[in-house]
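Reader: I'm new to this one and would like a quick tour. Could you show it to me before we start?

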Amino acid sequence: KDIQYVLSYYYNKLEYARFDSNLGKYVGYTAYGVKNAERLNNDPSIIGGMKAQREAYCLHNIGNWYPNM
């Protein structure tokens, strides 16, 4: 439960959107990012796939990164 999957999108060194597994949705930080976050949040297949990445990527590899946990 303490593991968080974050996928950030950058253009020209400026973060414009981010997926946060704790929120379960995309968040936009610029006008372009807000527009794209709304579009991505309205597609249940994209949101479901991103939520599954936490289990598939983070939880699967936690023993490799932190062997004492």
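Author: Sure. One term before we go on: helices here are DSSP runs of H or I with at least four residues, numbered from the N terminus. Keep in mind too that this is a predicted model.

Reader: Which helix does I62 lie in?

Author: The second helix, α2, covers 44-65. Residue I62 belongs to that run, so its helix is α2.

Reader: Why is I62 classed as partly exposed?

Author: Buried would need a relative accessible area under 20%, and exposed would need over 50%. I62 falls in between, so it is called partly exposed, and its relative accessible area is 23%.

Reader: How far apart in space are I62 and I3?

Author: Along the sequence, 59 residues separate I62 and I3. In space, going C-alpha to C-alpha, the distance is 9.0 Å.

Reader: What pattern does the chain follow along the sequence?

Author: There are three strands and two helices to place. Reading along the sequence, you get β-β-β-α-α.

Reader: How do β1 and β2 run relative to each other, parallel or antiparallel?

Author: β1 takes in residues 6-11 and β2 residues 14-20, and together they make a hairpin with two residues between them. In that turn, N12 has a positive phi of about 60°. Six bridges join the two strands, and their direction is antiparallel.

Reader: And which residue in β2 is the bridge partner of L7?

Author: The two strands are joined by six bridges. For L7, the partner in β2 is F19.

Reader: Which element gives the largest share of the largest nonpolar core?

Author: That core has eight residues: Y5, F19, Y26, A37, L40, I47, M50 and C58. Both α1 (31-41) and α2 supply at least two of them. The largest share is three residues, and it comes from α2.

Reader: Which residues of that core does Y5 touch, leaving out sequence neighbours up to four places away?

Author: Y5 touches F19, D20, S21, M50, Q53, R54, Y57 and C58. Check these against the core, which includes F19, M50 and C58. The core residues touched by Y5 are therefore F19, M50 and C58.

Reader: What share of the chain's residues is buried?

Author: The chain has 69 residues, and its C-alpha trace spans about 45 × 30 × 15 Å along the principal axes. It exposes about 5200 Å², with carbon and sulfur atoms supplying 52% of that. As for buried residues, they make up 26%.

Conventions: Residues numbered from 1 in each chain as written. Predicted model: local features only at pLDDT ≥ 70, side-chain atom pairs only at ≥ 80, totals over all residues. Heavy atoms only, no water. Core = buried A, V, L, I, M, F, W, Y, C linked by side-chain atoms within 4.5 Å. Buried < 20%, exposed > 50% of the residue type's maximum accessible area, 1.4 Å probe, protein only. Contact = heavy atoms within 4.5 Å. Pairing = 2+ DSSP bridges. Areas by Shrake-Rupley, 256 points an atom, 1.4 Å probe, with all protein chains shown as cover.
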